[in-house]
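Grab a pencil and keep the 3D view open. Here are some exercises, each with a worked solution.

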Amino acid sequence: MRLGNLIKVAVILAVAATISLASFYPVGGAPWLPLTQDINLGLDLRGGVHVVLEAVDTEEAKATPDAVQRSIGMLEERINQFGVTEPVIQQQGTNRIIVEIAGVDDPDAVVRDLIRPAYLEFRTEDGTTVLTGADLSDAREALNPNTGQPEVNLTWNPEGARTFAEVTAAHVGRPLGIYLDGNLLQDPVIQSPIPDGKAVITGYASLQEANRIAVLLRSGALPVKLDIMEKRTVGPQLGADSLERSVTAGAIGFGAILLFMVAYYRLPGLVSAFSLAVYAVLILLVLAAFNATLTLAGLFGFLLSLALAIDANIIIFERIKEELRTGRSLRSAVDAGFQRAFAAVLDANVAGLIAAVILYVFAPVMIKGFALTLGIGILASMFTAQAFTRWMLHLLVGSGIVNSPRLYLK
């Protein structure tokens, strides 16, 4: 009997159990725990806001396919700047854009600040519109390097720069109103002619306020006017109670599978229970590391990959049993079992991984979550089945106290 192997096994089991529990329950002094706190729930699990926008023609800009595509890109940038995680922004038909944001506390605020179709205008004192958002190239907040005060730096495109130079030269000392959807946003006074297409707006109380204005100004640079066709708050397709019951049912099902594995495969089944726990923690680590959003489709992908992980263990253990029945020694049977099972496990997982990659690349947005969790699950199951399970069995066989064939065969 090798005491060192037993100590290794005990330490591994203790670490695996601790990490598994810490993945779901907070631990004092560890802000990254539990891991589940860094995994966001999608619109179908958590609810949120659903908005449909429609691009419309104006005198300044037509609702062309290119303008709609650029609008989608700008909406994505605007939403990401506000820290919203994994929004769904997709085109519907030729001129409509669907925006879905999960987990928002105030859907009206989101619509007002993020996805309201802004139309930016710059008007002189007499109300004449001299420039629009289409003429604005960029707007960024910054701290003045000399005064330390927040400001917003504007950059005009070439045509806008020429017009802006003429307007500023003719209206020095007068305000130039900035209107968003017809509402006055700011009314800065022109201090001097600005011929280079770059302007600075000052007078903000904080950098946060300057950031908000800069975001709204960039929003006003949408290449086409967007009207709100539909705005509604949606509840989770799988409500909180249903989600809790599903998680409970999943935990019971997972426990039942582990009991079956232990009852039918005995010691290897017990090892597979810890291997599957490590597999689940790996999935959580990857999702938490990327601050991923888990959707209903992603949950299905995780469950499917879990089934593949269990199947891989079953294939390996059946091969080990076959080798033991031929009269091989235990260590030799374990090695031969893993070698014989490797090809079958690899073929099944590679086929599943190819399918996951194809789905992720070509499938609609709502299917990508399924493909992503399926792909991550397949890679994790390959590692745990071929590395962790094999290592644990070698340690146990090497310990010399679990060498009875009854622990491996019925």
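**Exercise 1.** Decide whether tryptophan 156 is buried or exposed in this predicted model.

*Solution.* Step one: look up the relative accessible area of tryptophan 156, which is 5%. Step two: compare that with the cut-off, since buried means under 20%. So tryptophan 156 is buried.

Now try the strand around tryptophan 156: E8 covers residues 150–156. Five of the seven residues of E8 are buried, so we call E8 mostly covered.

**Exercise 2.** Work out which strands pair with E8, and in which sense.

*Solution.* Start with E7, residues 136–143: seven bridges join E7 to E8, and the two run antiparallel. For a pair of facing residues, find arginine 140, which stands opposite asparagine 153 in E8. Between the two strands of this hairpin you'll count six residues, and glycine 148 has a positive phi near 75°.

Next comes E11, residues 198–201, which pairs with E8 over four bridges, again in the antiparallel sense. Here threonine 155 has lysine 198 in E11 as its bridge partner.

**Exercise 3.** Classify the ring pair of phenylalanine 122 and tryptophan 156, then say where its two members sit in the chain.

*Solution.* The total count of aromatic pairs is six. For phenylalanine 122 and tryptophan 156, the centres are 4.9 Å apart and the planes make an angle of 70°. Angles over 60 degrees count as edge-to-face, so that is the label for this pair. Phenylalanine 122 belongs to strand E5 (residues 120–123) and tryptophan 156 to E8, so with these positions 34 residues apart, the pair links distant parts of the chain. At 1% relative accessibility, phenylalanine 122 is buried too.

Same recipe for tyrosine 264 and tyrosine 265: 4.8 Å between centres and 80° between planes make an edge-to-face pair. Tyrosine 264 is partly exposed at 31%, whereas tyrosine 265 is buried at 4%. Ring pairs also tie both tyrosines into a cluster with Phe260 and Phe317.

**Exercise 4.** Describe the surroundings of threonine 373: which element holds it, and what does its side chain reach?

*Solution.* First, the element: threonine 373 is part of helix H11, residues 365–399. Second, the accessibility: at 5%, threonine 373 counts as buried. Third, the polar partner: the threonine 373 side chain reaches the backbone oxygen of glycine 298 at 2.8 Å. Finally, the neighbours: beyond four places in sequence, the contacts of threonine 373 include Leu287, Leu294 and Phe302.

Methods. Residues are numbered from 1 along each chain as its sequence is written. Side-chain values use heavy atoms; hydrogens and water are left out. Buried means under 20% relative accessible area, exposed over 50%, partly exposed in between (1.4 Å probe, protein chains only). A polar contact is a pair of N or O atoms within 3.5 Å; within protein, one must be able to donate a hydrogen and the other to accept it, and residues adjacent in sequence count only if both atoms are side-chain atoms. Contact means heavy atoms within 4.5 Å. Rings of Phe, Tyr and Trp (its six-membered ring) pair if their centres lie within 6.5 Å; planes under 30 degrees apart count as stacked, over 60 as edge-to-face and the rest as tilted. Two strands pair if DSSP finds at least two bridges between them.
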